[in-house]
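Hi,

Here is the structure I said I would pass on. Have a look at it first, and then read my notes below.

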Amino acid sequence: MHRIDSRDKKKLFRHEWVKFALFSLLIMILPVLFEGGYLLNVFIFVGIHTLLAVALNLLLGYAGQISLGQAAFFGLGAFASGILTATYGQNPWLMMVVVAAAVGLLAFAIGFPILKLKGHYLAMATLGFGIIVYIIFNEAVELTGGPSGFSGIPNLTVGGITFDSDFKNYYLIWGVTLVTILLSLNLVNSRIGRGLRAIHDSEVAARVMGVNVRLMKVQIFALSAVISSVAGSLYAHTMTFVSPTSFGFNFSVELVTMVIIGGLGSIYGSFLGAALLTLLPEFLRAFQDYDIVVYGFLLVFMTMFMPGGLVRGIPSLVQNLRARIGGGASDA
Amino acid sequence: MLEVKAITQRFGGVTALEDVSFGVKASDITGIIGPNGAGKTTLFNIITGIYTATSGTVHLEGKNVTRMVPEKLATLGMVRTFQNIELFGKMTVLENVMVGLHTKGTSGILSSALRLPWQVKEERRLREQAHHWLSFTGITDLADAEAGSLPFGKGRLLEIARAMALEPKLVLMDEPAAGLNSRETLELARLIQRIREAGVTVALVEHDMELVMDICDAIVVLNLGRKLAEGTPQEIQENPEVVSAYLGEG
Amino acid sequence: MHFDQISQYLLSGLSTGAIYALIGVGFSIIHNSTGIINFAQGEFVMLGGMLTLFFLSALKLPLIIAVVLAIGVATLAGVVFERLAIRPMKDASPISLVIITIGGSILIRGIAMLLWGKETHAIPTFSGNDPILVGEATILPQHLWIFAVTAVVIVCTKLYFSFTISGKAMRACAYNRRAAGLVGIDVKRMVFFSFAISAAMGSMAGIIVAPLTMTSYDVGVMLGLKGFCAAIIGGMSSGLGTVFGGVILGILESLGAGLFSSGYKDAIAFVILLVILLVRPQGLFKKGETERV
């Protein structure tokens, strides 16, 4: 019996591994298909957004705790990396790590009081935090450049390579994103991941089972802040320019939308959501003007009619259709 | 094993429990019975750290655990099941039991994300232990089913398997037979006896008198928030106050 | 610092605070009957201002009719929102409801943008712009309108909750929704009412403040959040608590902007919001525990 189990598990692991390998391969050959065009640039953003969506999904999709302030962590990573490297001439790679650690500590510190709140109140508190940080970005003009933004951030370099083209940045960012996806997949299928999902399903039962609910929520909040901060640093070094408008409440909501559209509690879903919301504006010219209508509609529609997101919604839709067609055929 | 002393619980102006004291002996099956509204579930919630009592103390193996949180009590060997089963509905049956093994593992975020060799080994060990508890409760064939899709009776068994996975010293069961048919109740009785034979002390709140009289070594009767009587099933059945409380209700 | 300047700040803070209070009471009414924090509350405020403008400028209607129509249409938007998005989700988790109301707010804002564009618009004041001297400070007639409308609305709400059957039923729902349902109160209808009342109050706030602050499709976000802050200071009361909450916030903002930095003015509300949520979730004036933590 145990032998069967471990064989099953190996099969499962191989399956997961194959899925990840295929996904990585697809990502790696995409630039060849784009031939270095405009889409390559768009897909750099898909990568950054995927990173952010995965980070939020760990918190929102797995632990069931909402954050409407994710853009703040992203922004802190971006501005801190930018300022420390451009204004103070520090090493970008070192600063990326230092900043991520500092942002993680900040999240850890505010996480303890904030994550005591639940549901609507947690949403409001994280939103409040996000807006305060956003206001600081705008008002601390000597440091951040204020509303007009902060420029002159250096590109990252490794050995003799400077990440100064879309092509190089694509592989840099997707490298980090793929590693994060792999680590996240490991995490959600572990003792920690089970603890998080247990909190989501029944907090009281999780506590009775000895899961330190409070600490675990704060840890995952801090982890998602760290990943977001790294995404921010990468964004800053890729764009070489950052401005507060990228880190406001609207972007926090956009991230929540990505996670929900893709599928709560699905790592690949986060990619799907990020890709969709990043590509839509590029394909629909008109989308530029109607974007907020579409976001609003998608949020309401998905939550009401496809709460599992595209990852679960599409297969079940296909199944339903197939069943209906199959049923019709047998009737005829 | 468990010593409950002078527990009083008030919610606003309502006194749910008043000066309730009793003990649970190691390796016994102790039943807590009483008409609806007697305060049985409230008492369980206090003992397991979900509510904080207005006054009174709870000792586990001589240790004062009165204001301890559930997650701490779990590490001390106290676990419970719920009246309206509280499963992790979106996880598989096996994963549910593995959450019960949470305190048996030590791997953290970093080692889990990196799949360090010892984390992989620990994971394998937890999985095997979880299977053991599934076969102990007889639901091995459901290992990969989603817990939320289980029929009520199986869900109850899963809850017990999950609780046993902690290898507790004391299990508190809140109406384990509620919603079960007579065959399932019979199986439950045998399972509870096997749990006791495994050296685990059991305390249960139950309405099914036949079950209580059948398997319990000691019984505590609550009525309107007070302890009415305490004794062996024999003594309780012959206690005129208990009889009148139940007849008066029915 | 001159005393007359301070009293000027106090006066303008008081009028902003009255607006926050009106919006906050709307939050409280919905929260008390449903347990939902309606993130779309601010959009009713925006609708009030924008609809009034639309009826005034596009249809050339007289002010009073434009105002009445604006309140009517905003209220309609509130009940339609309740019917389409809230009622079908009655068993949803708090997170789903947060997301639904956020989605709804974005949708309403987006539709307003499509209809009326992204520009900022001015609305004429109700009775001119001649300043009135109050001690050493001056106020505009519009401020008086704000005070008067807020006072009347708050008193009417109080009377409604105290003396009418449906008002009492709504209070019963606030105490215990299930018990209210058991004694025969139509909880669904009460939820419906609460959205209607909140939308109407929000739109009134939006209408009376628009002549002072201008209006555009996106004014609802900040006003809504600050109204929520007022409500949370007041412990989600649908009466005086939230009024005090609004006034405290309005005055702090106005003093903060005047005496320290106008740039950080908007942060004040959110710092207060966080502090209250984390330290005193039951609000400043209430004793005892609530379910917020």
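**Where the chains meet**

Putting chain B and chain A together buries about 3200 Å², and carbon and sulfur atoms give 62% of that (buried area is the accessible area, with a 1.4 Å probe, that two parts lose on being put together, summed over both). Before you go further: this is a predicted model, in which local features need pLDDT of at least 70 and side-chain atom pairs count only at pLDDT 80 or more, while totals for chains, interfaces and linings use all residues. Residues are numbered from 1 along each chain as its sequence is written, chains are lettered from A and ligands numbered from 1 in the order written, and side-chain values use heavy atoms, with hydrogens and water left out.

Back to B and A. On the chain B side, B:Glu71, B:His102 and B:Ile109 lose the most area to chain A, together 22% of what that side buries. In residues, 40 from chain B are in contact with 30 from chain A (contact means heavy atoms within 4.5 Å). There are four salt bridges between these two chains (a side-chain nitrogen of Lys or Arg within 4 Å of a carboxyl oxygen of Asp or Glu). A:Arg194 makes a salt bridge with B:Glu123, with the closest N and O atoms 2.7 Å apart. You'll also find 12 residue pairs in polar contact across this interface, both residues at pLDDT 80 or more (a pair of N or O atoms within 3.5 Å; within protein, one must be able to donate a hydrogen and the other to accept it, and residues adjacent in sequence count only if both atoms are side-chain atoms). On the side of chain B that touches chain A, α5(B) gives the largest share, seven residues (helices are DSSP runs of H or I, at least four residues, and strands are runs of E, at least two, numbered from the N terminus). That side divides into 17 nonpolar, 12 polar and 11 charged residues (Ala, Val, Leu, Ile, Met, Phe, Trp, Tyr, Cys and Pro count as nonpolar, Asp, Glu, Lys and Arg as charged, and the others, Gly among them, as polar).

And chain C? Of the two pairs of chains in contact, A and C share the most contacts, whereas B and C do not touch. Between C and A about 3600 Å² is buried, 84% of it from carbon and sulfur atoms. C:Ile95, C:Ile99 and C:Tyr264 supply 16% of the area that chain C buries there, more than any other three residues. The salt bridge count here is zero, and two residue pairs are in polar contact, both at pLDDT 80 or more. α4(C) brings the largest share of chain C's side, 17 residues, and by class that side has 35 nonpolar, seven polar and three charged residues.

**Empty space**

The second largest pocket holds about 1200 Å³ (on a 1 Å grid over the protein atoms alone, a pocket is an open set of points with protein on both sides within 12 Å along at least five of seven lines, a cavity is a set where a 1.4 Å probe fits but cannot get out, and lining residues have an atom within 4 Å of a point; points are joined across faces, edges and corners, and a volume is the space filled by probe spheres set on them). Among its 35 lining residues, A:Thr245, A:Asn250, A:Phe251, A:Glu254 and A:Asp291 are the closest to the centre.

There are four cavities of 30 Å³ or more, and the largest has a volume of about 160 Å³.
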